[in-house]
Amino acid sequence: LSVTRDSKGKVFDIVVVNHHKKESHIFSIREPYLGNLLTGSFAGEHSSTILDITNKLRQSPFLRFAYSLYGETLLEKSSDFKILRFWQILELLSDSKNFPDDTPLVRADGTQICDAAGHAIRSKSSPGKVYLLLGLMNSTSNPNWEDINIWFALRTSVAHHGSTKNYQQLSRPDVVKWAALGIQKNHTAGHNVVLMELQRTVNDVLKRTDLFNPLTL
């Protein structure tokens, strides 16, 4: 449900039952629930989708683990650590596909993706494998190569230096450049649009359970 509602569930009441005395007591949790309060189609829920996902999760411990990571990430209060966690999910899912390291990366129009020196980029890196994963979705919502590099750069800044604000401490100039573009993108939008796009992408991939064969994972 954390994927279909894009909001992690939370305990709001605890009921203790004494079967011997046939008595029960209810204890309410005082902390309010701040997640998605909408229901049904308003919350993006469709019974057929929920049933399909539930059946897939019963067959695949791997997908069940990936879904649990998504739910935990929704509870993370720091937007920086959310970026780190969401990227870890994409990396986990792309690794499960066992993509080869020498696959050339091409854009939707068929043109080759090259680095600053004009050399063809292949799927050896983590961003390269995530790019191949998202390419399997064949969706108009797929991010481009630039978006993936921005996510990876900001993730790397958090992983190595504790915050996206410390991106200038990164050792690779190309990663610094991508991180700066992400920071500027958020500044222009007036909110954390990079995190929103990353979260939406992870959510889309997880819903596409047909991308993962539960018998082989």
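A residue is called buried when its relative accessible area is under 20%. By this criterion, 39% of the 217 residues of the protein count as buried. The model described here is a predicted one. The surface that the protein exposes comes to about 13000 Å², and carbon and sulfur atoms supply 55% of that area.

The secondary structure consists of 7 helices and 2 strands. Along the sequence these elements follow the order β-β-α-α-α-α-α-α-α. Contacts between residues at least 6 apart in sequence were also sorted by separation, and 57% of them join residues at least 24 apart.

The two strands, E1 (13–18) and E2 (23–28), are joined by a loop that contains Lys22. They pair in the antiparallel sense, over 6 bridges. Within this pairing, Asp13 has Ser28 of E2 as its bridge partner, and Val17 stands opposite Ser24 in E2. The two strands form a hairpin with 4 residues between them. Lys22, in the turn, has a positive phi of about 55 degrees, although it is not a glycine. The relative accessible area of Lys22 is 74%, over the 50% cut-off, and therefore this residue counts as exposed.

A positive phi of about 55 degrees is also found at Asn98, again a residue that is not a glycine. Asn98 belongs to the loop between helix H3 (79–96) and helix H4 (126–135). With a relative accessible area of 63%, Asn98 is exposed.

Helix H4 comes after this loop. Of its 10 residues, 9 are buried, so H4 is largely enclosed by the rest of the structure. The buried residues are Ser126, Pro127, Gly128, Lys129, Val130, Tyr131, Leu132, Leu133 and Leu134. Among them is a lysine, Lys129. The packing partners of the buried residues of H4 are H3, H5 and helix H7 (193–207).

Leu136 lies in the loop between H4 and H5. Its relative accessible area is 38%, which makes Leu136 partly exposed. When residues up to four places away in sequence are not counted, Leu136 touches Lys97, Phe99, Arg208 and Leu211. One of these contacts, with Arg208, links positions 72 residues apart in sequence. The C-alpha atoms of Leu136 and Arg208 are 10.0 Å apart in space.

Two further buried positions lie in helices. Ser157 is part of helix H5 (residues 145–161). The relative accessibility of Ser157 is 0%, under the 20% cut-off, so Ser157 counts as buried. Apart from residues up to four places away in sequence, Ser157 touches Gly162, Ser163, Thr164, Asn166, Tyr167 and Leu170.

Gly182 is placed in helix H6. Gly182 also counts as buried, at 0% relative accessibility. With neighbours within four places in sequence left aside, Gly182 is in contact with Ile150, Leu154 and Val194. Thr164, one of the residues touched by Ser157, is 18 residues from Gly182 in sequence. The distance between Gly182 and Thr164 is 9.4 Å, C-alpha to C-alpha.

The largest pocket of the model has a volume of about 440 Å³. Its lining is made up of 20 residues, and those nearest its centre are Ile121, Asn149, Arg172, Asp174 and Trp178. The elements that contribute two or more residues to this lining are H4, H5 and helix H6 (173–189). Sorted by class, the lining contains 9 nonpolar, 3 polar and 8 charged residues. H4 thus appears in two parts of this description: it is an element of the pocket lining, and its buried residues pack against H3, H5 and H7.

How values were computed. Residues are numbered from 1 along each chain as its sequence is written. This is a predicted model: local features need pLDDT of at least 70, side-chain atom pairs count only at pLDDT 80 or more; totals for chains, interfaces and linings use all residues. Side-chain values use heavy atoms; hydrogens and water are left out. Buried means under 20% relative accessible area, exposed over 50%, partly exposed in between (1.4 Å probe, protein chains only). Contact means heavy atoms within 4.5 Å. Two strands pair if DSSP finds at least two bridges between them. On a 1 Å grid over the protein atoms alone, a cavity is a set of points where a 1.4 Å probe fits but cannot get out, and a pocket is an open set with protein on both sides within 12 Å along at least five of seven lines; lining residues have an atom within 4 Å of a point. Grid points are joined across faces, edges and corners, and a volume is the space filled by probe spheres set on the points. Ala, Val, Leu, Ile, Met, Phe, Trp, Tyr, Cys and Pro count as nonpolar, Asp, Glu, Lys and Arg as charged, and the others, Gly among them, as polar. Accessible areas come from the Shrake-Rupley method with a 1.4 Å probe; for residues, only the protein chains shown count as cover.
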